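User: Hi! I have a structure open and would like a hand looking around inside. Could we go through it together?
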Amino acid sequence: MRIVVGLSGASGAIIGIKLLEALHGRPGCETHLVMSRGAERTIRDETDYTVEQVVKMASVTHDIRDVGASIASGSFRAAGMVVAPCSMKTLAGIVTGYSDNLLLRAADVTIKERRPLILVAREAPLSGIHLENMHKAHHNGATILPPVPAFYNRPKTIDDVIDHLLGRILGYFDLEYAKFRPWCGG
C-alpha cells in the first residue's frame, strides 16, 4: 500500500511527523513524502525533529518543485493522500486546481482519481473563505479532518490527542493503530 503524505506550512507539523512514524516500517506500506518550505520551517520551529529525521521516516521523499515526480501522475497507484497539517494556502490551491508545486499536484491527482484525500486543516478561527474552500474540497471528494480533540478518551497529553487523530486518519486506509481508542458507547 502506497500512501502519499504532504506536509504544508501550517502549525501542527508534529501531526504529519507522527503519521510518518506510525507508518514507518509497517509491512506492506510505502510512504511518499512531499513537504513545503513552510513545513520545513515549522518542523524546526515547533518540534525537536530535524527535517533530515523526518525525511528518513518516509520510504521516498519528493522535492516539492518536481512536478514530474511519480506521485504527480494518475498512473502512480496510491491508496490515497494525507495532508497533515494542511494550511489554508494549500487548501486554496487544492480547491482551485492551482497545481504549481508537487504537493498541490499530488492532491489534484488524488481527487481526479477519486482516491481518499484527507486534509488535516489547521486554522482557527475559520473565515468564510476557509469554510467555502473546505466545502469545495468536500464536494470534490476530500475529507476535512481538523485536529479537533476527542474528550471521551480523556486525553492527558498532546500525544493522546495526536494518537486519536492518527487512529482516525489510518482508519480511512483500513489500518489499525494500537494507540487509538474508538468510542465504544456509554
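User: To start, how many cavities of 30 Å³ or more does a search of the whole structure find?
Analyst: Happy to help! Keep in mind that this is a predicted model. The search turns up one cavity of 30 Å³ or more. About 70 Å³ of space lies in the largest cavity.

User: Which residues line the largest cavity?
Analyst: Its lining is made up of Val4, Ile71, Ser73, Phe76, Ala78, Gly80, Ala106, Val109, Thr110 and Arg115. The largest share, three residues, comes from α5. Sorted by class, the lining of the largest cavity has six nonpolar, three polar and one charged residues.

User: Okay, and pockets? What volume does the largest pocket have?
Analyst: The largest pocket holds about 270 Å³ of space. It is lined by 14 residues, and Ser36, Ile64, Lys89, Thr90 and Asn101 lie nearest its centre.

User: Which element gives the most to that lining?
Analyst: That would be α4, with three residues. Both α4 (88-96) and α5 (102-112) supply at least two residues of the lining of the largest pocket.

User: What's the mix of classes there?
Analyst: Seven residues in the lining of the largest pocket are polar, four are nonpolar and three are charged.

User: And what about the second largest pocket, what is its volume?
Analyst: The second largest pocket comes to about 190 Å³. Residues lining it include Ser11, Gly12, Glu46, Arg122, Pro147 and Leu165. Here α7 gives the largest share of the lining, four residues. Both α1 (13-23) and α7 (158-171) supply at least two. By class, the lining of the second largest pocket divides into seven nonpolar, two polar and two charged residues.

User: Let's switch to the packed parts. How many residues does the largest nonpolar core have?
Analyst: The largest nonpolar core has 32 residues. Those with the most contacts inside it are Ile3, Leu19, Leu33, Met35, Ile43, Val82 and Ile169. Elements that give two or more residues to this core include β1 (2-7), β2 (30-35), α2 (37-46) and β4 (80-86). The most comes from α1, with seven residues. As background, nonpolar side chains in soluble globular proteins tend to be buried together.

User: You mentioned Leu33. What is Leu33 in contact with?
Analyst: Leaving aside neighbours within four places in sequence, Leu33 is in contact with Val5, Leu7, Leu20, Val54, Val55, Ala58, Val60, Thr61 and His62. There is also a second, separate core of 27 residues, which includes Met81, Ala107, Ala121 and Met134.

User: Changing topic: how many disulfides are there?
Analyst: The count comes to zero disulfides.

User: Then are Cys29 and Cys86 buried or exposed?
Analyst: Cys29 has a relative accessible area of 15%, so it counts as buried, the limit being under 20%. Cys86 is at 0% relative accessibility and therefore counts as buried.

User: Last one, I clicked on Pro155. Where does Pro155 lie?
Analyst: Pro155 lies in the loop between β6 (143-144) and α7.

User: Why does Pro155 count as partly exposed?
Analyst: Pro155 is partly exposed because its relative accessible area is 25%, and that class runs between the buried limit of 20% and the exposed limit of 50%. Apart from neighbours within four places in sequence, Pro155 is in contact with Ala150, Asp160 and Val161. You can also find Val161 in the lining of the second largest pocket.

Conventions. Residues numbered from 1 in each chain as written. Predicted model: local features only at pLDDT ≥ 70, side-chain atom pairs only at ≥ 80, totals over all residues. Heavy atoms only, no water. 1 Å grid on protein atoms, 1.4 Å probe; cavity = no way out; pocket = protein on both sides within 12 Å on 5 of 7 lines; lining within 4 Å. Points joined across faces, edges and corners; volume = space filled by probe spheres on them. Nonpolar A, V, L, I, M, F, W, Y, C, P; charged D, E, K, R; others polar. Core = buried A, V, L, I, M, F, W, Y, C linked by side-chain atoms within 4.5 Å. Buried < 20%, exposed > 50% of the residue type's maximum accessible area, 1.4 Å probe, protein only. Contact = heavy atoms within 4.5 Å. Disulfide = S-S within 2.5 Å.
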